[in-house]
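Student: Could you take me slowly through one part of this model, the pocket and the charged side chains beside it? I would like a connected account that I can follow with the structure open in front of me.

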Amino acid sequence: MTDAPSPTSDDIWPTIDALWTWLNTNRAHDGQEGLLLRMLKLSEEVGEVAEAVIGAMGQNPRKGVSHSWEDVQGELCDVVITALVALRTLTPEPQRVFGEHLAGVAERSLGKG
(Lines give C-alpha, C1' and ligand atoms only; values in the text may rest on other atoms or scores of the structure.)
Protein backbone atom coordinates (compact mmCIF):
# COMPACT_ATOMS: atom_id res chain seq x y z
CA MET A 1 0.00 0.00 0.00
CA THR A 2 1.30 3.47 -0.84
CA ASP A 3 1.72 6.16 1.74
CA ALA A 4 -1.44 8.24 1.88
CA PRO A 5 -0.99 12.01 1.74
CA SER A 6 -1.25 13.71 5.11
CA PRO A 7 -3.68 16.53 4.35
CA THR A 8 -4.28 19.71 6.22
CA SER A 9 -7.41 21.77 5.86
CA ASP A 10 -5.45 23.95 3.42
CA ASP A 11 -4.28 21.13 1.16
CA ILE A 12 -6.92 18.39 0.94
CA TRP A 13 -6.91 18.03 -2.83
CA PRO A 14 -4.08 15.47 -3.21
CA THR A 15 -5.90 13.22 -0.73
CA ILE A 16 -9.24 13.70 -2.51
CA ASP A 17 -7.53 12.75 -5.77
CA ALA A 18 -5.92 9.68 -4.13
CA LEU A 19 -9.30 8.56 -2.75
CA TRP A 20 -10.90 9.09 -6.17
CA THR A 21 -8.17 7.00 -7.80
CA TRP A 22 -8.53 4.25 -5.20
CA LEU A 23 -12.32 4.16 -5.63
CA ASN A 24 -12.03 4.02 -9.41
CA THR A 25 -9.54 1.16 -9.18
CA ASN A 26 -11.77 -0.82 -6.81
CA ARG A 27 -15.27 -0.07 -8.11
CA ALA A 28 -17.79 -2.75 -8.91
CA HIS A 29 -19.62 -0.63 -11.52
CA ASP A 30 -18.45 1.88 -14.08
CA GLY A 31 -20.05 4.09 -16.70
CA GLN A 32 -23.35 5.80 -15.94
CA GLU A 33 -24.21 3.22 -13.28
CA GLY A 34 -20.95 3.87 -11.42
CA LEU A 35 -21.49 7.63 -11.68
CA LEU A 36 -25.01 7.35 -10.30
CA LEU A 37 -23.85 5.15 -7.42
CA ARG A 38 -21.04 7.60 -6.58
CA MET A 39 -23.61 10.42 -6.34
CA LEU A 40 -26.03 8.29 -4.30
CA LYS A 41 -23.27 7.63 -1.75
CA LEU A 42 -23.91 11.21 -0.58
CA SER A 43 -27.44 10.31 0.50
CA GLU A 44 -26.11 7.38 2.49
CA GLU A 45 -23.62 9.61 4.29
CA VAL A 46 -26.24 12.29 5.04
CA GLY A 47 -28.44 9.55 6.50
CA GLU A 48 -25.59 8.62 8.82
CA VAL A 49 -25.45 12.24 10.02
CA ALA A 50 -29.17 12.07 10.80
CA GLU A 51 -28.72 8.77 12.63
CA ALA A 52 -25.89 10.24 14.71
CA VAL A 53 -27.91 13.37 15.61
CA ILE A 54 -30.88 11.24 16.66
CA GLY A 55 -28.51 9.08 18.69
CA ALA A 56 -26.79 12.07 20.30
CA MET A 57 -30.15 13.45 21.37
CA GLY A 58 -31.45 10.10 22.60
CA GLN A 59 -34.50 10.40 20.37
CA ASN A 60 -34.87 6.65 19.75
CA PRO A 61 -36.40 5.21 22.96
CA ARG A 62 -35.15 1.74 22.10
CA LYS A 63 -31.52 2.86 21.75
CA GLY A 64 -31.32 5.89 24.05
CA VAL A 65 -28.21 8.01 23.70
CA SER A 66 -26.24 5.94 21.22
CA HIS A 67 -23.97 8.58 19.66
CA SER A 68 -21.97 11.61 20.73
CA TRP A 69 -21.66 15.01 19.11
CA GLU A 70 -18.14 13.94 18.15
CA ASP A 71 -19.79 11.12 16.17
CA VAL A 72 -21.88 13.75 14.40
CA GLN A 73 -18.71 15.71 13.57
CA GLY A 74 -17.14 12.60 12.06
CA GLU A 75 -20.23 11.86 9.99
CA LEU A 76 -20.29 15.45 8.72
CA CYS A 77 -16.65 15.06 7.68
CA ASP A 78 -17.64 11.90 5.79
CA VAL A 79 -20.30 13.91 3.92
CA VAL A 80 -17.74 16.55 2.93
CA ILE A 81 -15.19 13.96 1.79
CA THR A 82 -17.82 12.05 -0.18
CA ALA A 83 -19.03 15.25 -1.84
CA LEU A 84 -15.52 16.29 -2.83
CA VAL A 85 -14.77 12.84 -4.26
CA ALA A 86 -18.08 13.02 -6.18
CA LEU A 87 -17.06 16.44 -7.50
CA ARG A 88 -13.70 14.98 -8.57
CA THR A 89 -15.66 12.28 -10.39
CA LEU A 90 -17.40 14.97 -12.46
CA THR A 91 -14.36 17.15 -13.19
CA PRO A 92 -10.59 16.79 -13.27
CA GLU A 93 -10.42 20.30 -11.73
CA PRO A 94 -12.43 20.01 -8.51
CA GLN A 95 -10.30 22.57 -6.68
CA ARG A 96 -11.02 25.24 -9.29
CA VAL A 97 -14.73 24.39 -9.55
CA PHE A 98 -15.17 24.33 -5.77
CA GLY A 99 -13.13 27.51 -5.27
CA GLU A 100 -15.15 29.42 -7.87
CA HIS A 101 -18.43 28.19 -6.44
CA LEU A 102 -17.41 28.99 -2.86
CA ALA A 103 -16.36 32.49 -3.92
CA GLY A 104 -19.76 33.01 -5.57
CA VAL A 105 -21.64 31.82 -2.48
CA ALA A 106 -19.48 34.02 -0.25
CA GLU A 107 -20.07 37.06 -2.47
CA ARG A 108 -23.85 36.51 -2.48
CA SER A 109 -23.98 35.89 1.25
CA LEU A 110 -21.25 38.12 2.66
CA GLY A 111 -20.91 40.83 0.05
CA LYS A 112 -17.69 41.87 -1.61
CA GLY A 113 -15.95 42.77 1.57
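Tutor: Let us begin with a term: a salt bridge is a side-chain nitrogen of Lys or Arg within 4 Å of a carboxyl oxygen of Asp or Glu. Please keep in mind throughout that this is a predicted model. With that cut-off in hand, look at Lys41 and Glu45, whose closest N and O atoms are 3.3 Å apart, so the pair counts as a salt bridge. Because Lys41 and Glu45 are four residues apart in helix α2, about one helical turn separates them.

Lys41 has another partner as well, for its side chain also meets that of Glu44 in a salt bridge, with 2.9 Å from N to O. Lys41 and Glu44 both belong to helix α2, where they sit three residues apart, again about one turn of the helix. How exposed are these side chains? Lys41 has a relative accessibility of 33% and therefore counts as partly exposed, and Glu44, at 40%, is likewise partly exposed. Glu45, in contrast, has a relative accessible area of 7%, and it is called buried because that value is under the 20% cut-off.

The structure holds five salt bridges, and one of the others can be found in helix α4, which covers residues 94-110. There the side chains of Arg96 and Glu100 meet, with 3.0 Å from N to O. Arg96 and Glu100 are four residues apart, which is about one turn of helix α4, and Arg96 is partly exposed at 40% relative accessibility. Returning to helix α2 after this example, we can say that Lys41, Glu44 and Glu45 are joined into one network by salt bridges that share partners.

Now turn to the pocket, where Lys41 appears again. The largest pocket has a volume of about 440 Å³. It is lined by 20 residues, and those closest to its centre are Leu23, Leu37, Arg38, Lys41 and Val85. Three helices each give two or more residues to this lining, namely α1, α2 (31-56) and α3 (69-90). Of these, α2 supplies the largest share, with seven residues. If you sort the lining residues of the largest pocket by kind, you will find seven nonpolar, seven polar and six charged.

Leu23, which is among the residues closest to the centre of the largest pocket, is a useful place to move on to the surface. Leu23 is found in helix α1, and its relative accessible area of 30% means that it counts as partly exposed. Together with Leu19, Trp22 and Ile81, Leu23 makes a nonpolar surface patch of about 340 Å². Helix α1, residues 13-25, gives the most to this patch, with three residues.

Finally, follow helix α3, which also contributes to the pocket lining, to Leu90. Leu90 lies in this helix and counts as exposed, because its relative accessibility of 55% is over the 50% cut-off. Although Leu90 and Met39 are 51 residues apart along the chain, their C-alpha atoms are separated by 9.8 Å.

To draw the parts together, Lys41 is the residue to keep in view: it takes part in the salt-bridge network with Glu44 and Glu45, and it is also one of the residues closest to the centre of the largest pocket.

Definitions and conventions. Residues are numbered from 1 along each chain as its sequence is written. This is a predicted model: local features need pLDDT of at least 70, side-chain atom pairs count only at pLDDT 80 or more; totals for chains, interfaces and linings use all residues. Side-chain values use heavy atoms; hydrogens and water are left out. Patches are made of residues with over 30% relative accessible area and no salt bridge: like charges are joined within 9 Å, nonpolar side chains (Val, Leu, Ile, Met, Phe, Trp, Tyr) within 5 Å. Accessible areas come from the Shrake-Rupley method with a 1.4 Å probe; for residues, only the protein chains shown count as cover. Buried means under 20% relative accessible area, exposed over 50%, partly exposed in between (1.4 Å probe, protein chains only). On a 1 Å grid over the protein atoms alone, a cavity is a set of points where a 1.4 Å probe fits but cannot get out, and a pocket is an open set with protein on both sides within 12 Å along at least five of seven lines; lining residues have an atom within 4 Å of a point. Grid points are joined across faces, edges and corners, and a volume is the space filled by probe spheres set on the points. Ala, Val, Leu, Ile, Met, Phe, Trp, Tyr, Cys and Pro count as nonpolar, Asp, Glu, Lys and Arg as charged, and the others, Gly among them, as polar.
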